[in-house]
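Student: I'm new to this structure and would like to look closely at one part of it. Could you pick a strand and walk me through what surrounds it?

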Amino acid sequence: QVQLVESGGGLVQAGDSLRLSCAASGRTFSSYAVGWFRQAPGKEREFVGAISWGGTYYADSVKGRFTISRDNAKNTVYLQMNSLKPEDTAVYSCAARPRWESASPYEYPYWGQGTQVTVSS
């Protein structure tokens, strides 16, 4: 069982940066892939990016602006978001699954509660 807790959301202006954290319980968390997803009001949940032993992967909409990293000693995965745009406004959630990453939210059995990111123009 893995429990995830996100933090770091907030209200920022366009062009600003924000770093989200996804803290996990579980001694084997380093073997899990972690995905970041976001959901804006009235829209479907969207894949943002993921990290696993195979590397990091990003949606085209955030590539070059967002970076995912992990600190296994702290059982934490980070989502560094730079050059934020108003269209990045959403609830951001991290999710975990054993071993390999996936862009489909249905492949992830463990989810955090989400954190709101609002980017004003």
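Tutor: Sure, let's start at one spot on strand S3, where Ala-24 stands opposite Leu-4. Keep in mind as we go that this is a predicted model.

That facing pair belongs to a longer match: strand S1 (residues 4-7) and S3 pair in the antiparallel sense, over 4 bridges. S3 also has strand S8 as a partner, and here 6 bridges join the two, again running antiparallel. If you want a place to find that pairing, look at Arg-19, which stands opposite Gln-80 in S8. How enclosed is S3? Of its 7 residues, 5 are buried, so the strand is largely enclosed by the rest of the structure.

Now pick out Cys-22. Its sulfur atom lies 2.1 Å from that of Cys-94, and the two residues form a disulfide. If that word is new to you, a disulfide is a covalent bond between the sulfur atoms of two cysteines. The count for this structure comes to 1 disulfide. Cys-22 lies in strand S3 (residues 18-24) and Cys-94 in strand S9 (residues 90-98), so the bond ties together parts that are 72 residues apart in sequence. The torsion about the S-S bond of Cys-22 and Cys-94 is about 75°, so this disulfide is right-handed. Are the two cysteines buried or exposed? Both Cys-22 and Cys-94 are buried.

From Cys-22 you can hop over to Asn-75, which sits in the loop between strand S7 (66-71) and strand S8 (76-81). Once you set aside neighbours within four places in sequence, Asn-75 is in contact with Cys-22, Ala-23, Ala-24, Ser-25, Gly-26 and Phe-29. Asn-75 has a relative accessibility of 17%; buried means under 20%, so Asn-75 counts as buried. Phe-29, from that contact list, has a charged visitor too: Arg-70 lies over the face of Phe-29, at 5.2 Å from the ring centre.

While we're on rings, let's take a side trip. The structure holds 5 aromatic pairs. One of them joins Phe-37 and Trp-111, with the centres 5.2 Å apart and 45° between the planes, which makes the pair tilted. Phe-37 is in strand S4 (residues 32-39) and Trp-111 in strand S10 (residues 110-111), so this pair links distant parts of the chain, 74 residues apart. Phe-37 is buried, with a relative accessible area of 1%, whereas Trp-111, at 25%, counts as partly exposed. These two rings also belong to one aromatic cluster, made up of Phe-37, Phe-47, Tyr-108 and Trp-111. Trp-111 has an arginine over its ring as well: Arg-45 lies over the face, at 4.2 Å from the ring centre.

Let's zoom out to finish. The protein has 0 helices and 11 strands. Its radius of gyration is 13 Å, close to the 14 Å that the globule rule gives for 121 residues, so the protein is as compact as a globular protein of that length. Along the principal axes, the C-alpha trace spans about 40 × 25 × 25 Å. Buried residues make up 45% of the 121 residues. Among contacts with a separation of 6 or more, 59% are between residues 24 or more positions apart. The disulfide you saw, tying together parts 72 residues apart, is a good one to trace by eye.

Technical notes:
Residues numbered from 1 in each chain as written. Predicted model: local features only at pLDDT ≥ 70, side-chain atom pairs only at ≥ 80, totals over all residues. Heavy atoms only, no water. Buried < 20%, exposed > 50% of the residue type's maximum accessible area, 1.4 Å probe, protein only. Contact = heavy atoms within 4.5 Å. Disulfide = S-S within 2.5 Å. Phe/Tyr/Trp six-rings, centres within 6.5 Å; stacked < 30°, edge-to-face > 60°. Lys NZ or Arg CZ within 6 Å of the ring centre and 35° of its normal. Pairing = 2+ DSSP bridges. Rg over C-alpha atoms; globule rule 2.2 N^0.38 Å.
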